[in-house]
Amino acid sequence: MSSATAPHRVSAAPPLVVTLENNPEAAAVARDEAGDFLKGLGPPLDRDASDAVVLIVSELVTNAVRHTLTRTCTLSLAAGPDTVTVAVADASPRPPCERNPDVRGEGGGFGWPMVRRLAASTSVETSPQGKTVSAVVARRSKRSA
């Protein structure tokens, strides 16, 4: 007698695309949208992976608001069987850059390195019309795998 089990089925919510006004509230709106998107996934992401997605969303949207002179940015979220992809597009062709973190003030410098550390992979696509910064997060964090 066989004791084979059925493969674990992963359902994915439809991709989410949201255009956000570049204002101080954009990151909070993006975090809420990401949280709602993640709630629609089955099976749910583990806690570390879910926290990573929300933090990456917040950082990428904050960077688009803070470091570009564009009116809007677009948040996209897509889920696959093993990953969730976060992408933020804006009309500035200038890619994110590494800089020394400002530990004494409000200068920042922590977000992009943190995004790269939390994500399984990152990419930046630029064109004269703007850029898209993407981060891929494993649905199960390394700690729970």
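Start with the whole chain on screen: of its 145 residues, 37% count as buried. Bear in mind as you go that this is a predicted model.

**Stop 1: the whole chain**

Colour by secondary structure and you should find three helices and five strands. Trace them from the N terminus and the order reads β-α-α-β-β-α-β-β. Now think about how the sequence folds back on itself: among contacts between residues at least 6 apart in sequence, 66% join residues at least 24 apart. If you switch on a surface, about 8900 Å² of the chain is exposed, and carbon and sulfur atoms supply 53% of that area.

**Stop 2: helix 1 against helix 2**

Select residues 26-39 for helix 1 and residues 47-67 for helix 2. The axes of helix 1 and helix 2 come within 9 Å and cross at roughly 150°. Angles over 145 degrees count as roughly antiparallel, and helix 1 and helix 2 are therefore roughly antiparallel to each other. Their crossing is right-handed. To see the contact itself, show side chains: helix 1 brings Ala26, Ala27, Ala30, Arg31, Ala34 and Leu38, while helix 2 answers with Ser50, Val53, Val54, Val57, Ser58, Val61, Thr62 and Val65. Sorted by character, the residues of this contact are ten nonpolar, three polar and one charged.

**Stop 3: helix 2 against helix 3**

Keep helix 2 selected and add helix 3, residues 111-118. Here the axes lie 10 Å apart, and the packing angle is about 150°. Helix 2 and helix 3 are therefore roughly antiparallel to each other as well. Helix 2 passes helix 3 in a left-handed crossing. From helix 2, pick out Ala52, Leu55, Ile56, Glu59, Leu60 and Asn63; they meet Gly111, Trp112, Met114, Val115 and Leu118 of helix 3. This contact is made up of eight nonpolar residues, two polar and one charged.

**Stop 4: valine 86**

Finally, move to strand 3, residues 83-90, and centre on valine 86. Is valine 86 buried or exposed? Valine 86 has a relative accessible area of 0%, so it counts as buried.

Which residues is valine 86 in contact with, leaving aside its neighbours within four places in sequence? Show Val53, Ile56, Val57 and Leu60, then Leu75, Ser76 and Leu77, and finally Val133, Ser134 and Ala135. For a distance to try in the viewer, draw a line from the C-alpha of valine 86 to that of serine 76: these two are ten residues apart in sequence and 5.9 Å apart in space.

Key. Residues are numbered from 1 along each chain as its sequence is written. This is a predicted model: local features need pLDDT of at least 70, side-chain atom pairs count only at pLDDT 80 or more; totals for chains, interfaces and linings use all residues. Side-chain values use heavy atoms; hydrogens and water are left out. Helices (H or I, at least four residues) and strands (E, at least two) are DSSP runs, numbered from the N terminus. Buried means under 20% relative accessible area, exposed over 50%, partly exposed in between (1.4 Å probe, protein chains only). Contact means heavy atoms within 4.5 Å. Accessible areas come from the Shrake-Rupley method with a 1.4 Å probe; for residues, only the protein chains shown count as cover. Axes are lines fitted to C-alpha atoms, for helices over the stretch in contact, and angles run from 0 to 180 degrees between N-to-C directions. Angles under 35 degrees count as roughly parallel, over 145 as roughly antiparallel, 65 to 115 as roughly perpendicular and the rest as oblique. A crossing is left-handed if the near helix is turned anticlockwise from the far one by less than a right angle, and right-handed if clockwise. Ala, Val, Leu, Ile, Met, Phe, Trp, Tyr, Cys and Pro count as nonpolar, Asp, Glu, Lys and Arg as charged, and the others, Gly among them, as polar.
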